[in-house]
Amino acid sequence: AGLKYFLLGSLSSCIILLGSGLIYTYSGLTNLESLYNLISVSENTQILQGLSLGIVLMIIGYLFKVSAAPLHNWAPDVYNDSPTIVTIWLTIMPKISIFMFLLEIQSQIGNSLLTVFSITLKNLLLVSSLLSLIIGSVVGLAQSKIKRLLAYSTISHVGFILLALAINTEQGIDSFLFYIIQYSITNLNAFLILIALSYFYTRS
């Protein structure tokens with residue numbers, strides 16, 4: 001589980017790094033606010049296309065890290081084979097930080113870029129959301145191990161979060177933030193109950 005998480009996490013990090021490199025190549029900037037300003041005033045199609053490709057690659061890498069379908073295959077195996085206390089960390093903390101960053105990208109850059117790219121970004125999130133909802137719900141029904149079931153439940157939850165993120169309206173952002181909070185609390189409680197049950201049965 002650790003090796004799979006390390007190798008696939010490294011792959012997604014490479015994709016994010018490639019996207020970041022493209023953004024820096026075409027803009028020479030690493031500050032998000034400066035990048036927003038450049039996008040809003042730039043009329044150079046080549047620069048905008050390079051930035052668009054870099055941002056899409058970054059988002060794909062981050063979707064990999066939050067186990068959004070169709071980039072979810074690592075999650076059930078890693079969650080099932082990791083110690084439960086480690087799984088709690090994997091299923092909550094990285095997702096919160098990554099979703100907050102995706103919210104920043106979607107709310108700022110997604111509204112500032114060319115209309116074609118905004119539609120592409122929205123469609124990317126919507127397709128990933130749809131696949132996450134279908135795969136997380138349907139494949140989860142066939143699971144016989146509780147941690148694999150919770151992994152597919154997480155994939156399904158990611159679909160709902162991405163749906164709210166893709167809509168990118170005031171109500172959608174409110175729903176996004178509310179869902180992040182309740183998802184974190186619910187997952188924490190579910191895995192803590194698993195730890196308590198395993199401790200109880202070990203003692204008895």
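# A walk through an eight-helix model

Start by selecting Tyr-36, which sits in helix α2. Bear in mind as you click around that this is a predicted model. Is Tyr-36 buried or exposed? Its relative accessible area is 10%, so Tyr-36 is buried. Now add Ile-105 to the selection and draw a distance between the two C-alpha atoms: you should get 9.7 Å, for a pair 69 residues apart along the chain.

**Zoom out**

Colour by secondary structure and take in the whole chain. How many helices and strands are there? The protein has eight helices and zero strands, and reading along the sequence gives α-α-α-α-α-α-α-α. Turn the model along its principal axes and the C-alpha atoms fill a box of roughly 70 × 35 × 25 Å. The radius of gyration is 18 Å, which agrees with the value near 17 Å that a compact globule of 204 residues would have. Colour by accessibility next, and 44% of the 204 residues count as buried. If you like contact maps, pull one up: among contacts with a separation of 6 or more, 77% are between residues 24 or more positions apart.

**Along α3**

Back to single residues. Helix α3 covers residues 45-65, and there are two stops to make on it.

Pick Leu-48 in α3. Leu-48 has a relative accessible area of 6%, so it is buried. For a long-range partner to compare, select Ile-119: the C-alpha atoms of Leu-48 and Ile-119 are 14 Å apart, with their positions 71 residues apart along the chain.

Then move along to Val-56, also found in helix α3. Val-56 is buried too, because its relative accessible area is 17% and the cut-off for buried is under 20%. Show Leu-121 alongside: Val-56 and Leu-121 are 65 residues apart in sequence, yet 7.1 Å apart in space, C-alpha to C-alpha.

**Into the largest pocket**

Switch on a surface and look for the largest pocket, which holds about 170 Å³ of space. Which residues lie nearest its centre? Select Ile-23, Thr-30, Leu-32, Leu-35 and Met-58; these are the ones nearest the centre, out of 13 lining residues. Colour the lining by residue type and you get ten nonpolar residues, three polar and no charged. Several helices share the job: α1, α2 (32-41), α3 and α5 (84-112) each supply at least two residues of the lining.

**Out to Thr-25**

While α1 is in view, select Thr-25, which lies in this helix (residues 2-27). Buried or exposed? At 62% relative accessibility, Thr-25 counts as exposed. Show its side chain and look for Gly-21: the Thr-25 side chain reaches the backbone oxygen of Gly-21 at 2.7 Å. For a longer span, measure across to Gln-108, where the C-alpha separation from Thr-25 is 20 Å for residues 83 apart along the chain.

**Backbone oddities**

Now hide the side chains and follow the backbone. Most residues other than glycine have a negative phi, and most peptide bonds are trans. The next three stops are the places to check against that background.

Go to the loop between α3 and α4, and select Ser-67 there. Ser-67 is not a glycine, but has a positive phi of about 60 degrees. At 0% relative accessibility, Ser-67 counts as buried.

Stay in that loop and find Pro-70, which also lies between α3 and α4 (74-81). What is the peptide bond from Ala-69 to Pro-70? That bond is cis, with omega near 5 degrees.

Then jump to Asn-168, in the loop between α7 (146-167) and α8 (170-203). Asn-168 has a positive phi of about 60 degrees, again without being a glycine. At 19% relative accessibility, Asn-168 counts as buried, since the cut-off is under 20%.

**Last stop: Asn-80**

Finish in helix α4 with Asn-80. Asn-80 has a relative accessible area of 18%, so this residue is buried as well. Which residues does Asn-80 touch, leaving out those up to four places away in sequence? Show Lys-145, Lys-147 and Arg-148 and you have them.

Key:
Residues numbered from 1 in each chain as written. Predicted model: local features only at pLDDT ≥ 70, side-chain atom pairs only at ≥ 80, totals over all residues. Heavy atoms only, no water. Helix = DSSP H or I, 4+ residues; strand = E, 2+ residues; numbered from the N terminus. Buried < 20%, exposed > 50% of the residue type's maximum accessible area, 1.4 Å probe, protein only. Polar contact = N/O pair within 3.5 Å; in protein donor to acceptor, adjacent residues only side chain to side chain. 1 Å grid on protein atoms, 1.4 Å probe; cavity = no way out; pocket = protein on both sides within 12 Å on 5 of 7 lines; lining within 4 Å. Points joined across faces, edges and corners; volume = space filled by probe spheres on them. Nonpolar A, V, L, I, M, F, W, Y, C, P; charged D, E, K, R; others polar. Rg over C-alpha atoms; globule rule 2.2 N^0.38 Å. Contact = heavy atoms within 4.5 Å.
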